Amino acid sequence: MRIALVGCGAVTQAVYVPLLSRRRDLFEVSAVCDLSRTLADAVGERLGAARRYTSVAEMLAGGGFEAVVVLASGSHGETVRQALSAGYAVLCEKPLALTRAEVAALPEGRLMVAYMKQYDPAVRRAEELLAELGGPEVIRSVEVTVLHPSAESQLAFANLTRADDVDAGLLASLRADEDALVSRALGEQAPREVRDLYGVALGSICHDLSLLRRFTGSPAEISHVETWGPAPGSIEISGPLPVRGRFSIRWHYLHDYPAYRETVAIHHDRGSLELVFPSPYLMNAPTTLTVVSGGESRTHWRDVTEAFEVQLAAFHAYVNEGKPPLTDVHGGLEDIVTAQRIAARYAVLRGLPLGGEAA
């Protein structure tokens, strides 16, 4: 399947380039696009893509591919809208968008939102075990802890190509557009601390929201939100699960922490299912599933199959065989709504101004 890539930054270079290089049985990258000509040329050279663009509109008009993989930073709503309108299937990295309005403006089409942790073999095994136990009805609590060091330390091994050839005026204009979208989501008067919280919720915590969707369904209510420490700092979120029990998420940005670590523990009356995720940038590093059951026996389960690779294969199956993705436009919208509920609860608890969609 011939594909085009939009965005040639860190995640593209560290994750997608090596995976697409070894899965040439499924994909041929025929075009790449980035605001930076330097990055577009570097990624295009590595993947053998002859067509290299700095404009999404020009790339879409040029054609020569069947699907678009959107990997750029920030909101993806407008790029996805253009690609779907042009008739292409789309795999879009999270978040799908920053506002509900962007999602509402999307035309009908084949759209898959990329939450690779949903495709992790350990997560799929945990889903199977939870179903055998009785599903969401047996859950007492879901407890998440994320220890998040700097992106620079996580990517130090990757030898990334960097560039500074993008016009400063263009970057300023794009930042202004992004800020306007956040204002549409949270209101013009929303203070910086609410905007920062929303950014972390949609940029990182959304992975945990996507796992809650798979295990229990999205939370319909956010009871409590707390933050502390210098931004992005530490964030605590809690509330009831939609069927039974409660959830808590504790997310900590720790600049000099030795290594990324994410733990998702599902506790039920007869034991626990605990997932421990490594840094997402380490290819084929296994997630560990620990099953605690009768007599306090502990069973550890690992699989080195790369979640990003499974996700890419799922996109191929979606486009060519019609197999539905784990997250479509509706799941992407659910996570935006939950992130807005998080921001709204934080603002209400502190008497801070809030408007826009979140109000």
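Hi everyone. Let me start with a definition: a charge sits over a ring if NZ of Lys or CZ of Arg is within 6 Å of the ring centre and within 35 degrees of the ring normal. Keep that in your pocket for a moment. What we have on screen is a predicted model.

Now, which residue lies over the face of F277? That is K117, at 5.3 Å from the ring centre. F277 also brings us to the sheet, since strand β12 covers residues 271-277.

Let's look at that sheet. It is open and has 8 strands, in the order β8-β9-β10-β7-β11-β12-β13-β14, with mixed pairing. At the edges you find β8 (224-228) and β14 (297-302), each pairing on one side only. From one strand to the next, the twist averages 10°. As a reminder, strands of a sheet pair through backbone hydrogen bonds, either parallel or antiparallel. Take β7 and β11: they run antiparallel and are joined by 8 bridges, and I139 stands opposite H268 in β11.

Next, the helices. Helix α9, residues 192-215, lies across β7, β8, β9, β10, β11 and β12, running at about 140° to β10. Helix α11, residues 329-350, lies across β8 and β9, at about 80° to β8.

Back to rings. The structure holds 2 aromatic pairs. One of them is Y16 with F308, edge-to-face, 5.7 Å centre to centre and with 70° between the planes. This pair links helix α1 to helix α10, with the two residues 292 apart along the chain. Are Y16 and F308 buried or exposed? Both are buried.

Last, the UniProt record, an unreviewed entry, annotates residues 1-105 as a "Gfo/Idh/MocA-like oxidoreductase N-terminal" domain. That stretch is 43% helix and 22% strand. Thanks for listening!

Technical notes
Residues are numbered from 1 along each chain as its sequence is written. This is a predicted model: local features need pLDDT of at least 70, side-chain atom pairs count only at pLDDT 80 or more; totals for chains, interfaces and linings use all residues. Side-chain values use heavy atoms; hydrogens and water are left out. UniProt positions are given in the numbering used here, feature names are shortened, and annotations may be inferred rather than shown by experiment. Helices (H or I, at least four residues) and strands (E, at least two) are DSSP runs, numbered from the N terminus. Two strands pair if DSSP finds at least two bridges between them. Axes are lines fitted to C-alpha atoms, for helices over the stretch in contact, and angles run from 0 to 180 degrees between N-to-C directions. Contact means heavy atoms within 4.5 Å. Rings of Phe, Tyr and Trp (its six-membered ring) pair if their centres lie within 6.5 Å; planes under 30 degrees apart count as stacked, over 60 as edge-to-face and the rest as tilted. Buried means under 20% relative accessible area, exposed over 50%, partly exposed in between (1.4 Å probe, protein chains only).
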